[in-house]
Each structure stands twice: as C-alpha cells, then as structure tokens.
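Colleague: I've got a few "how do you know" questions about this one. Mind if we go through them with the model open?

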Amino acid sequence: MHAGVKIFAPATVANVACGFDTLGFAIDKPGDEILAHFSDTPGLKISKITGAKGKLPYEVEKNTAGFAALKLLEHLGEQDRGIHLEIRKKMPFGSGLGSSAASAAGAVMAINELLGRPIVTKRELLPFAVLGEQIADGAYHADNVAPSLMGGIIFIRSNQTLDVHHLPVPKGIYASVVYPHIEVLTKDSREVLSNQVGLKECIQQTGNLGGLVVGLYNTDLDLIGRSLNDVIIEPQRAKLIPHFYKVKEAALSAGALGCSISGAGPSIFALSANSLVAEEVGESMQKVFHDNKIKNDLYVSPINTDGATLC
Ligand code: HSE
C-alpha cells in the first residue's frame with residue numbers, strides 16, 4: 001500500500017443573510033472526507049466515490065474535487081504524478097451546505113499534504129479549490145470554498161481577486177442549520193435571481209452587511225441580530241423552500257439572533273448567542289418541517305475555525 005492522507009473538509013453556510021457571494025462560515029459537521037494515495041500509474045485518477053449514489057462523475061475534469069486537484073497539480077508541475085483520490089461524500093447534494101465546495105477544498109488540501117506541503121498557506125490553495133467548485137454551478141465565488149478550507153467566518157471583498165478576510169467569531173455563538181430533504185441545485189437557485197437590484201434594497205443590504213461586520217468586531221449581538229437580514233436574495237428564493245417563512249418565524253420566536261437561507265438553499269440557518277438557545281432554535285425550526293411531513297436533519301454547531309484538516 002502506498003502512502004496516503006485523509007482530509008476532513010466541513011460544511012459551510014454561505015451568504016449569511018446579507019452577504020450574497022461575499023460571506024460564509026464553516027460548521028463542525030457534516031463534512032466530506034477526501035483521501036489521496038500515491039499510485040504506480042502516472043496521472044491523477046479518482047479511484048473511489050462513496051456516499052454519492054452514483055451522482056458524481058469519475059472523470060477528473062468533470063468532478064469538483066478532481067478538477068481542483070488537477071489544477072493544483074498542474075500549477076506545481078506534478079500533473080504526471082501517480083495519485084489516486086477517494087471521495088467520501090458525507091453530506092447531501094443541492095442542500096445549501098456547500099457540498100461541492102467541501103469536496104474541492106478537501107481535494108486541494110489532500111494533494112498538498114500528500115506532496116509534503118509545497119504550498120505553505122491555505123490562502124494560496126484557495127484559487128484551485130474555487131476553480132473546482134466552479135464546475136458545480138458555473139460561477140466563480142468563494143463563499144463556501146473559503147470557509148471550508150480556511151475555517152471561521154470569511155468576508156470576500158472580491159471574488160475575482162479572491163480578496164478574502166477572516167472576521168472575528170464572537171465567543172459562544174452557535175449555528176442551527178436545518179436541511180429539509182428536498183434538492184435545490186445552486187445553478188437553478190441562481191437562475192431565479194433578477195439582475196436588477198432596487199436602490200432602496202441596495203442601501204438596506206449595504207447597511208446590514210456593514211452592521212454585521214461591526215457587530216462581529218465588537219461582539220455586539222444585538223447589532224448582529226439586526227443585521228442578519230437579507231432584503232435582496234431571500235425574498236426571491238424563499239418560494240423554492242416550502243414553509244420557509246414559518247421556519248424563520250419559529251427560529252426568531254425561539255430566540256435566534258437571525259435566520260435566513262443557507263447558501264442557495266434549501267437548508268435554513270439561524271445564529272444564536274449560545275448552544276442552549278441554538279438547540280431550542282433548531283428544534284423549533286425542525287418542528288415546522290415535521291408538522292408538514294418533510295423529512296429533515298438538524299446540525300447544531302459552533303463556528304468551525306479550523307476548516308479543512310488532516311485527520
Ligand atoms: N452564494 C452562493 C449562492 C452560494 O447563494 O448562490 C451557493 O453556492
């Protein structure tokens with residue numbers, strides 16, 4: 001058996017209400033595992049995929065993990081190295097949990113670790129992971145990939161230049177993420193969005209984004225709560241998620257600081273001041289789906305500050 005490595009890359013909540021394509025954070029679970037081994041056959045190959053129900057391609061160039069790994073290997077001049085990738089999908093597709101991003105983030109970490117860390121910082125690995133994720137929805141944005149790779153709450157000033165920045169994580173803050181078992185593909189969820197934004201909404205959203213950043217820096221939970229409001233994207237996508245507004249109301253009534261769609265949906269996230277509130281918030285959100293006979297999963301987690309890790 002050749003030497004190998006295993007990486008865990010966590011799920012993520014993109015947009016965080018007021019930061020469409022510009023904000024994201026990582027949670028502790030679920031997450032994907034990516035394994036990489038040297039092989040005697042030259043070139044990169046995806047040798048095994050589990051947990052994907054036959055939905056993921058084995059062709060390296062069509063697979064988010066494979067393409068991200070390939071782009072990194074090309075950059076390093078190592079594309080002829082014999083390497084086998086194994087993808088263990090541990091989270092659903094089209095869930096709004098950053099499934100394809102986690103695979104891409106895990107893949108670049110796995111290749112880098114296998115080769116003895118030729119690239120020193122995760123930030124330098126980011127462009128290759130973003131290229132991989134782009135395969136899934138055709139858009140170049142890092143709001144899932146960056147937190148899955150680098151951990152924490154990430155603000156992206158520019159996706160084009162990957163001008164990414166960690167924001168402070170207030171002590172004790174917890175996320176409740178409910179995934180209803182319906183599939184919403186990011187590509188489809190982006191297609192429902194209008195290209196036009198009203199000036200009034202633009203001003204409100206800019207205020208909320210700034211307010212959230214200030215709230216995180218000052219650990220001002222009230223300001224964070226007031227700012228977790230999306231007046232542009234959520235109203236357009238809410239119709240893709242059955243009972244969305246009832247779930248949101250349940251979360252806020254149970255004490256959440258704020259609640260909105262996780263990434264492109266259908267998962268819905270809430271942030272709370274501590275784990276106890278987050279558990280109650282999560283259960284209240286789940287109850288709406290249970291009452292309407294929609295199967296769902298709940299994840300209650302602190303913000304994951306590690307990102308993709310060797311395990
Ligand atoms: N910002 C992206 C979106 C995240 O909402 O479409 C999903 O990949």
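Modeller: Sure, just keep in mind that the model is predicted.

Colleague: Which pocket is the space taken by the ligand?

Modeller: The ligand takes up the space of the largest pocket.

Colleague: What makes the pair between R237 and the ligand a polar contact?

Modeller: A polar side-chain atom of R237 is 2.8 Å from an oxygen atom of the ligand. The cut-off is 3.5 Å for a pair of N or O atoms, so that pair counts. R190 passes too, because its side chain has an N or O atom 2.6 Å from a ligand oxygen. For N144 the distance is 3.1 Å, again to an oxygen of the ligand, so this pair is also within 3.5 Å.

Colleague: And how much of the ligand does the protein bury?

Modeller: On its own the ligand exposes 260 Å², and the protein buries 98% of that.

Colleague: Which residues come nearest to the ligand?

Modeller: There are 13 residues around it, and N15, D21, D143, R190 and R237 come nearest. By type, the shell has three nonpolar, five polar and five charged residues. Both domain 1 (4-167) and domain 2 (174-302) supply at least three residues to the shell.

Colleague: What about the backbone of N15?

Modeller: N15 has a positive phi of about 80°, though it isn't a glycine. N15 is in the loop between strand 1 (4-14) and strand 2.

Colleague: Where is the cis peptide bond that leads into P30?

Modeller: That bond runs from K29 to P30, with omega near 5°, and P30 is in strand 2 (residues 23-38). The bond from G265 to P266 is cis as well, with omega near 5°; P266 is in the loop between strand 8 (258-261) and strand 9 (268-272).

Key. Residues are numbered from 1 along each chain as its sequence is written. This is a predicted model: local features need pLDDT of at least 70, side-chain atom pairs count only at pLDDT 80 or more; totals for chains, interfaces and linings use all residues. Side-chain values use heavy atoms; hydrogens and water are left out. A residue is near a molecule or strand if one of its heavy atoms lies within 4 Å of it. A polar contact is a pair of N or O atoms within 3.5 Å; within protein, one must be able to donate a hydrogen and the other to accept it, and residues adjacent in sequence count only if both atoms are side-chain atoms. Accessible areas come from the Shrake-Rupley method with a 1.4 Å probe; for residues, only the protein chains shown count as cover. On a 1 Å grid over the protein atoms alone, a cavity is a set of points where a 1.4 Å probe fits but cannot get out, and a pocket is an open set with protein on both sides within 12 Å along at least five of seven lines; lining residues have an atom within 4 Å of a point. A molecule sits in a cavity or pocket if more than half of its atoms lie within 2 Å of its grid points. Ala, Val, Leu, Ile, Met, Phe, Trp, Tyr, Cys and Pro count as nonpolar, Asp, Glu, Lys and Arg as charged, and the others, Gly among them, as polar. Domain bounds come from an automatic or database domain assignment. Helices (H or I, at least four residues) and strands (E, at least two) are DSSP runs, numbered from the N terminus.
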